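Biologist: Please take me through this structure step by step. I will ask, and you answer from the model.

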Amino acid sequence: MFSPVKIVGYINDWEAIGLGPVAVLPEYQRQGIGSSLIYAGLEVCCQLDQYIVFVLGHHDYYPRFGFELASRKGFHYKSTEYDPNFFVLELKHGALLGKFGYVHFLPAFGID
Ligand SMILES: CC(C)(COP(=O)(O)OP(=O)(O)OC[C@H]1O[C@@H](n2cnc3c(N)ncnc32)[C@H](O)[C@@H]1OP(=O)(O)O)[C@@H](O)C(=O)NCCC(=O)NCCS
């Protein structure tokens with residue numbers, strides 16, 4: 001699932017995309033379905049001119065898609081406690097330039 005996220009910066013708020021949840025039925029896992037879903041979704045993000053995607057997830061899984069630790073780019077989710085599992089992907093070179101802040105998922109997720 002991809003949904004809008006709000007980033008609260010020091011000067012103004014802006015929007016980007018949040019990835020998750022991602023799930024494949026256990027009997028279909030490890031066949032490349034999860035990766036295909038993620039790559040297809042990221043392609044749609046580009047088609048929609050959305051070049052910044054955040055995800056809160058496992059550090060062994062998301063870097064393979066190009067996700068980097070968000071904290072290294074100046075982004076956090078809630079508190080620094082989440083830094084090891086909070087990632088950002090820049091789908092267009094320079095999209096993150098001059099941007100930073102705290103990222104908020106939609107209230108429907110109940111995780112904010
Ligand atoms: C994570 C998930 C969506 C991956 O789907 P998938 O179709 O199995 O993924 P793929 O076949 O494309 O990729 C499999 C790779 O993901 C890795 N992987 C699967 N689940 C993982 C997890 N929770 N954490 C880290 N790596 C994971 C596998 O080890 C495998 O790695 P390898 O290619 O080096 O062997 C699926 O395992 C799932 O639904 N898990 C339960 C829900 C979940 O934990 N979702 C959030 C993930 S943070």
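**Overall form and details**

Modeller: The protein chain has 112 residues, and a compact globule with that number would have a radius of gyration near 13 Å; the chain has 14 Å, which agrees. This is a predicted model. Along its principal axes, the C-alpha trace spans about 45 × 30 × 25 Å.

Biologist: Which pattern of helices and strands does the protein chain follow along the sequence?

Modeller: The chain holds one helix and seven strands. Helix 1 covers residues 33–47, while strand 2 covers residues 13–19 and strand 3 covers residues 52–56. Read along the sequence, the pattern is β-β-α-β-β-β-β-β.

Biologist: In what order do the strands lie in the sheet, and which are the edge strands?

Modeller: Strands of a sheet pair through backbone hydrogen bonds, either parallel or antiparallel. Here the seven strands form an open sheet with mixed pairing, in the order 4-6-3-2-1-7-5. Each edge strand pairs on one side only, and these are strand 4 (68–69) and strand 5 (75–76).

Biologist: In which sense do strand 1 and strand 7 pair, and what is the bridge partner of V8?

Modeller: Strand 1 (residues 2–8) and strand 7 (residues 101–104) are joined by three bridges and run antiparallel. Strand 7 also pairs with strand 5, in the parallel sense over two bridges, and there F75 stands opposite G101. For V8, the bridge partner in strand 7 is Y102.

Biologist: Which residue of strand 3 is the bridge partner of G18?

Modeller: Strand 2 and strand 3 pair in the parallel sense over three bridges. The partner of G18 in strand 3 is F54.

Biologist: Which strand gives the most to the largest nonpolar core?

Modeller: In soluble globular proteins, nonpolar side chains tend to be buried together. The largest nonpolar core here has 21 residues, and V53, F54, V55, F87 and V88 have the most contacts inside it. Strand 2, helix 1, strand 3 and strand 6 (86–90) each supply at least two of its residues. With five residues, the strand that gives the most is strand 3.

Biologist: Which residues does V88 touch, leaving out those up to four places away in sequence?

Modeller: V88 is among the residues with the most contacts inside the largest core. Outside its sequence neighbourhood of up to four places, V88 touches I52, F54, F67, E68, A70, K73 and F75.

Biologist: Where does the chain have a cis peptide bond?

Modeller: Most residues other than glycine have a negative phi, and most peptide bonds are trans. P21 lies in the loop between strand 2 and helix 1. The cis bond, with omega near 0°, runs from G20 to P21.

Biologist: D49 has a positive phi; is D49 buried or exposed?

Modeller: D49 is found in the loop between helix 1 and strand 3, and its phi is near 60°. A residue counts as exposed if 12 or fewer other C-beta atoms lie within 10 Å of its own. D49 has 8 within that distance, so D49 is exposed.

Biologist: How many other C-beta atoms lie within 10 Å of K78?

Modeller: K78 also has a phi near 60°, and its place is in the loop between strand 5 and strand 6. K78 is partly exposed, because the number of other C-beta atoms within 10 Å is 14.

Biologist: How many residues surround the ligand, and which are the closest?

Modeller: By class, the shell around the ligand has five nonpolar, seven polar and two charged residues. The ligand is surrounded by 14 residues, and the closest are Q29, G34, S35, G57 and H58.

Technical notes:
Residues are numbered from 1 along each chain as its sequence is written. This is a predicted model: local features need pLDDT of at least 70, side-chain atom pairs count only at pLDDT 80 or more; totals for chains, interfaces and linings use all residues. A residue is near a molecule or strand if its C-beta atom, placed from the backbone, lies within 6 Å of it. Ala, Val, Leu, Ile, Met, Phe, Trp, Tyr, Cys and Pro count as nonpolar, Asp, Glu, Lys and Arg as charged, and the others, Gly among them, as polar. Two strands pair if DSSP finds at least two bridges between them. Helices (H or I, at least four residues) and strands (E, at least two) are DSSP runs, numbered from the N terminus. A nonpolar core is a set of buried Ala, Val, Leu, Ile, Met, Phe, Trp, Tyr and Cys residues joined through C-beta atoms within 7 Å. A residue is buried if 20 or more other C-beta atoms lie within 10 Å of its own, exposed if 12 or fewer, and partly exposed in between; C-beta atoms are placed from the backbone. Two residues are in contact if their C-beta atoms, placed from the backbone, lie within 7 Å. The radius of gyration is taken over C-alpha atoms; the globule rule is 2.2 Å times the number of residues to the power 0.38.
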